[in-house]
Amino acid sequence: MYRRLWGPVRPLESLHPDANPRGYYSDPNSDTNGFIFVRIQGGFHEIRNSICDVVVISRFLNATLVIPELQSTTSSKGISSQFKSFAYLYNEDQFMAALSKDIKVVKTLPKNLKGQRKKKNIPSFKVPYSASPYYYKHRVLPVLKKHSVVELVVSDGGCLQAILPPDLEEYQRLRCRVAFHALRFRQEVQELATKILHRLRAPGQPFVAFDPGMTRDALAHHGCAELFQDVHTELIQHKRQWMIKRGIVKGSLSVNSAKQRLKGSCPLMPEEIGIILRAYGYLWDTIIYVSGGEIFGGQRTLIPLRAMFENVVDRTSLSILWELSRIYGREANLFESNPRSPPSVEEEMKVEAWKTAGPRPRPLPPPPARPKSYNIEGWWGWVAESDNEPDSTVMELRTNAHKLLWEAIDYVICVEADVFIPGFDRDGKGHPNFASLVMGHRLYQSAASKTYRPDRKEVVRLLEEISDHLYHANHTWLMSVRKHLRKRLVDGLLEASTISKSMSFISHPVPECSCLRRDYAGKSINASTSTPSHSQVIAALGIVHFCPAWMENDLTLQTKDKENEEALDEDDSTSSGLFFRKSNGDQEDLSNKEETQLEDQDEVEGGDR
């Protein structure tokens with residue numbers, strides 16, 4: 001039972017991270033073609049994708065990269081003055097040191113070029129999403145050579161196509177070195193994430209990380225407004241209308257959300273994730289860590305999940321206020337620095353004159369200008385007032401910067417989790433989101449760790465089968481859910497190689513950044529019981545490169561870990577198939593015999609063997 005819930009995915013155990021250059025790879029030239037200054041807009045996952053791309057572009061153009069400027073963390077956004085833009089989220093020194101053999105990185109432009117930039121005299125490119133390498137070679141490089149500096153403005157979460165030609169494969173491994181080695185969060189953020197991770201593991205049991213992916217932008221883009229049936233529906237539709245006007249969404253304003261859900265185009269609600277986890281066999285006391293800076297609809301959407309699992313936690317419940325405040329640094333008090341100005345003498349005279357004016361009736365005075373004040377999770381007031389989104393206050397801009405730090409903490413915990421399951425894997429532009437990057441990092445770092453990639457269309461179909469008795473599923477249905485989740489451990493990975501990878505390489509960095517362990521691969525291939533499963537998976541992923549000899553030293557330690565895991569797997573009767581906390585003798589879940597049959601069947605099918 002333990003192995004089924006928490007154990008490794010057997011066909012992927014021979015995969016290991018290997019992002020080192022293969023073959024000849026020259027050091028960066030000291031004499032470069034000029035400086036590339038980059039301004040990056042967007043959220044956490046867009047920033048991470050963009051940084052990987054601009055490093056590759058710098059290497060491709062033989063340019064010196066200036067530490068990128070993150071538009072969400074500039075001083076104008078109300079953040080602490082002790083941090084510069086990039087350093088608010090990431091460790092600058094680690095970034096520069098890790099890439100010292102790949103590109104030349106500097107913290108700022110030279111004084112003469114810095115002055116030209118302030119005067120806006122340097123050439124600037126607003127680069128398109130997923131541009132080809134030849135765009136940079138034929139359009140950017142000539143300008144770079146002429147002016148010795150160019151500015152790139154990246155706004156869509158990726159400025160270089162995800163799939164590169166075969167002769168540029170080394171640049172894909174450079175992307176991996178950036179994403180998984182060079183981009184380390186600054187020390188205070190990393191320390192807090194480590195503390196929270198230790199608190200999660202303190203009870204001595206594994207945990208599941210769940211990313212809902214339920215942002216207002218994503219719900220609006222995919223037409224999922226009617227999932228809520230309350231004021232949130234109107235807010236999502238308002239956002240969708242705004243997206244349609246700006247060409248972000250192509251289609252009509254009114255979309256049948258029920259059909260979108262049946263097609264798998266909408267996020268799985270926390271309740272639905274809870275049901276399939278309970279059906280799979282996770283007990284009511286399993287620790288569920290909920291990540292994500294924003295869960296649209298608020299905490300009420302998590303109520304059904306909390307009813308099924310008593311240990312649903314997030315970063316706020318595992319840390320105290322001063323720990324979170326510490327990572328923000330010393331910030332100015334915006335309320336004191338922007339006091340409300342008193343009414344002018346002329347306005348007071350007008351009001352007094354109106355009071356003492358002639359006989360009634362007389363016209364009413366104009367209403368005072370209403371200050372912009374609304375609930376950040378509601379925005380109730382302005383939806384009917386304007387078709388545009390309201391301008392953000394400095395306090396809201398500061399909160400957006402804080403969200404980057406919150407997502408950084410969640411990212412570390414999700415990557416290290418024993419099990420990860422996403423509710424959705426697309427953002428408000430249809431691109432891979434936070435959860436996709438987590439799955440890519442887990443695939444690179446520990447490919448065999450359990451990462452469920454449920455087929456939303458199939459899950460919705462299964463849930464519709466028992467919609468009249470949602471919490472009273474029968475044995476056959478439970479078996480169907482288990483079979484689906486086990487199958488998707490591998491099938492979902494193969495599907496991501498054609499869907500997610502085409503939009504974000506670091507969401508699926510295989511086979512370019514992986515290798516096969518020689519000894520382990522040999523044992524697997526010679527074992528008749530696992531030959532079809534293992535060989536088919538490896539062939540489908542396209543992995544042909546064997547790991548270097550120095551990696552073989554870890555094989556003994558891995559074997560010992562497996563032996564310990566097998567010992568924990570002996571008692572299988574306590575939690576097999578539990579769907580409710582309470583059950584009687586007549587409603588006993590799956591027997592040990594049935595459970596064993598299920599394990600044997602999955603071994604034949606290659607589920608997690």
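The protein chain holds 23 helices and 13 strands in this predicted model. Of its 609 residues, 53% count as buried. The contact pattern is dominated by distant partners in sequence: among contacts between residues at least 6 apart, 81% join residues at least 24 apart. About 28800 Å² of the protein chain is exposed, and carbon and sulfur atoms supply 52% of that area.

Helix H9 offers a good place to pause. This helix covers residues 231–245, and its 15 residues should span 21 Å at 1.5 Å a residue; the end C-alpha atoms lie 22 Å apart, which agrees. Buried positions in H9 are His232, Thr233, Leu235, Ile236, His238, Lys239, Arg240, Trp242 and Met243. An α-helix has 3.6 residues a turn, so residues three or four places apart point the same way. Helix H8 (216–221) is included in what covers the buried residues of H9. After H9 comes Gly247, with a positive phi near 75 degrees.

Attention turns next to the enclosed space. A search of the whole structure finds four cavities of 30 Å³ or more, and the largest cavity contains about 100 Å³ of space. Its lining is made up of 14 residues, of which Asn49, Asp53, Leu160, Met503 and Ser504 are the closest to the centre. Helix H2 (residues 44–60) provides the largest share of this lining, with three residues. Sorted by class, the residues lining the largest cavity are seven nonpolar, five polar and two charged.

Methods: Residues are numbered from 1 along each chain as its sequence is written. This is a predicted model: local features need pLDDT of at least 70, side-chain atom pairs count only at pLDDT 80 or more; totals for chains, interfaces and linings use all residues. Side-chain values use heavy atoms; hydrogens and water are left out. Helices (H or I, at least four residues) and strands (E, at least two) are DSSP runs, numbered from the N terminus. Buried means under 20% relative accessible area, exposed over 50%, partly exposed in between (1.4 Å probe, protein chains only). Contact means heavy atoms within 4.5 Å. Accessible areas come from the Shrake-Rupley method with a 1.4 Å probe; for residues, only the protein chains shown count as cover. The expected span of a helix is 1.5 Å times one less than its number of residues. On a 1 Å grid over the protein atoms alone, a cavity is a set of points where a 1.4 Å probe fits but cannot get out, and a pocket is an open set with protein on both sides within 12 Å along at least five of seven lines; lining residues have an atom within 4 Å of a point. Grid points are joined across faces, edges and corners, and a volume is the space filled by probe spheres set on the points. Ala, Val, Leu, Ile, Met, Phe, Trp, Tyr, Cys and Pro count as nonpolar, Asp, Glu, Lys and Arg as charged, and the others, Gly among them, as polar.
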